[in-house]
Amino acid sequence: MAAPVRLREIDDAEGERLLRIIRRGTGSVVTWRRAQMVLLSAQGMPAARIAEVSFTSDDRVRDVIHNFNTDGFESLYPKYSGGRPRTFTLPERREIKKIAKSKPTEHDLPFSTWSLTKLADFLVAEGVVDDISHEGLRILLHEEGVSFQRLKTWKTSRDPDYAAKKARVEHLYAIADGEVTPEDGEPDVVFCMDEFGPLNLMPHPGRQWAERDGKQKDPAHEPRRRRRATYNRYGGVRHLFAALDLAKDKLYGHIKPVKRRTQFLEFCRTLYPPTVRIAIVCDNFSPHLTTKKCQRVGTWAAANNVEIAYTPTNSSWLNRIEASSPPCATSPSTAPTTPTTKNKAA
């Protein structure tokens with residue numbers, strides 16, 4: 001029997017880039033769908049389950065994963081044929097891109113950054129290409145999505161417990177997917193939780209055929225009604241607390257006026273009774289944490305048979321709820337309904 005298709009190990013920078021593609025409301029739908037499949041695979045979801053979530057076939061999911069393992073993010077964007085053939089072959093372009101993204105010190109060179117002149121000379125000296133002009137190199141790097149950037153932040157997580165937290169989250173996903181049998185003390189139900197908001201009415205400009213405003217030939221004719229956005233928001237805003245039950249593939253939600261620790265615990269109490277051992281995967285947002293000043297989250301979890309598994313710092317892309325909804329505008333009128341089972345315990 002053939003081994004199941006698995007995505008290669010990705011780092012935090014690649015995970016955050018996948019999350020940005022999924023959250024973006026513009027761009028190609030094909031790219032968004034492929035990025036969703038890859039991110040779900042990175043979170044440990046099997047190909048058959050991804051096919052159900054993405055409303056596609058198992059073979060299609062496996063092809064997307066194979067292509068990403070081979071070509072990286074380039075495989076997410078649709079390619080259209082036509083035009084003049086490229087001067088350099090695909091292996092040469094990959095090698096040029098790889099060297100451009102590396103540091104000159106890795107090749108025992110006495111400078112810290114590449115210029116187009118230095119990079120072109122190095123490529124010719126190493127035999128990667130026979131000849132390449134500075135302008136041709138600039139265009140090639142632009143087509144491959146490589147630009148000269150000034151780094152302002154780190155590209156990987158600084159969490160000292162990164163490996164342990166990631167391994168625990170992936171183990172909980174394996175339990176929810178039925179790949180691992182839970183041992184004594186491990187949760188029977190796994191939730192992924194996050195907050196979304198603030199939610200408020202926003203304008204969506206557009207055009208349509210309509211009658212002019214003001215007076216018409218018919219005195220009894222009223223002018224067209226106009227909808228205005230609530231820029232001032234006198235009624236306040238709302239926040240959506242959402243929890244995804246991985247086993248049932250069901251999304252629960254509460255609308256709250258604020259997203260603080262009190263509202264977080266109120267929502268958690270509605271998930272399951274204390275007789276059921278559950279695990280909640282969430283990020284390091286302050287209302288989710290137990291601090292020296294407020295230990296209510298840890299006290300409630302210990303008293304109600306709950307395990308809270310935190311994703312590593314700057315690695316919220318590991319949370320499956322991030323890839324479970326399309327990047328669309330959500331309003332309180334279309335928010336999910338509340339669950340029926342409530343926890344009476346404090």
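Q: Is Glu 52 buried or exposed, and how do I read that?
A: Go by relative accessible area: buried means under 20%, exposed over 50%, and partly exposed lies in between (1.4 Å probe, protein chains only). Glu 52 has a relative accessible area of 52%, so Glu 52 is exposed. Before we go on, note that this is a predicted model, where local features need pLDDT of at least 70 and side-chain atom pairs count only at pLDDT 80 or more, while totals for chains, interfaces and linings use all residues. Residues are numbered from 1 along each chain as its sequence is written, and side-chain values use heavy atoms, with hydrogens and water left out.

Q: What does the protein come to in helices and strands?
A: Helices (H or I, at least four residues) and strands (E, at least two) are DSSP runs, numbered from the N terminus. Here you get 10 helices and 5 strands.

Q: How much of the protein counts as buried, and what does its accessible surface come to?
A: Accessible areas come from the Shrake-Rupley method with a 1.4 Å probe, and for residues only the protein chains shown count as cover. Of the 346 residues, 37% count as buried. The accessible surface is about 21,900 Å², and carbon and sulfur atoms hold 52% of that.

Q: Which salt bridge does Glu 52 make with Arg 49, and what counts as one?
A: A salt bridge is a side-chain nitrogen of Lys or Arg within 4 Å of a carboxyl oxygen of Asp or Glu. Arg 49 and Glu 52 pass, with their closest N and O atoms 2.9 Å apart. They are separated by about one helical turn because they sit 3 residues apart in helix 3 (residues 47-54). There's a third partner too: Asp 249 joins Arg 49 and Glu 52 in a network of salt bridges.

Q: How many salt bridges are there in the whole structure?
A: A full search finds 16. One of them pairs the side chains of Lys 166 and Glu 9, at 2.3 Å from N to O. Lys 166 is in helix 8 (residues 162-176) and Glu 9 in the segment before helix 1, so this pair ties together parts that are 157 residues apart in sequence. Its two ends sit in opposite settings. Lys 166 is buried, at a relative accessible area of 7%, whereas Glu 9 is exposed at 62%.

Q: Where does Lys 256 lie, and which residues does Lys 256 touch?
A: Lys 256 is in strand 3. Contact means heavy atoms within 4.5 Å. Leaving aside residues up to four places away in sequence, Lys 256 touches Arg 238, His 239, Phe 241, Gln 263 and Glu 266. With Glu 266 there's also a salt bridge, 3.2 Å from N to O. Glu 266 belongs to helix 9 (residues 261-268) and Lys 256 to strand 3 (residues 250-256), so the pair ties together parts 10 residues apart in sequence. At 13% relative accessibility Lys 256 counts as buried, and Glu 266, at 36%, as partly exposed.

Q: What share of the contacts in the protein is between residues 24 or more positions apart?
A: Take the contacts with a separation of 6 or more: residues 24 or more positions apart account for 69% of them. For a single residue to look at, try Thr 311, in the segment after strand 5 (306-310). Thr 311 is buried, with a relative accessible area of 1%. Not counting residues up to four places away in sequence, its contacts include Lys 165, Val 281, Cys 282 and Asp 283.

Q: Which residues form the positive surface patch?
A: A charged patch joins like charges within 9 Å, using residues with over 30% relative accessible area and no salt bridge. The one here is made of Arg 17, Arg 20, Arg 24 and Lys 101. Arg 17 lies in helix 1 (residues 12-23) and counts as partly exposed at 33% relative accessibility.

Q: Which backbone angles should I look at?
A: Most residues other than glycine have a negative phi, and most peptide bonds are trans. Phe 55 has a positive phi, near 55 degrees, and sits in the loop between helix 3 and helix 4 (58-71). Asp 108 also has a positive phi, about 60 degrees, in the loop between helix 5 (90-101) and helix 6 (116-125). Phe 55 is exposed at 76%, and Asp 108 is exposed at 74%. As for peptide bonds, the one joining Gly 197 and Pro 198 is cis, with omega about 5 degrees, and Pro 198 is in strand 1 (residues 189-199).

Technical notes:
Patches are made of residues with over 30% relative accessible area and no salt bridge: like charges are joined within 9 Å, nonpolar side chains (Val, Leu, Ile, Met, Phe, Trp, Tyr) within 5 Å. Lys and Arg count as positive and Asp and Glu as negative; His and the chain ends are not counted. The place of a charge is taken as NZ of Lys, CZ of Arg, CG of Asp or CD of Glu.
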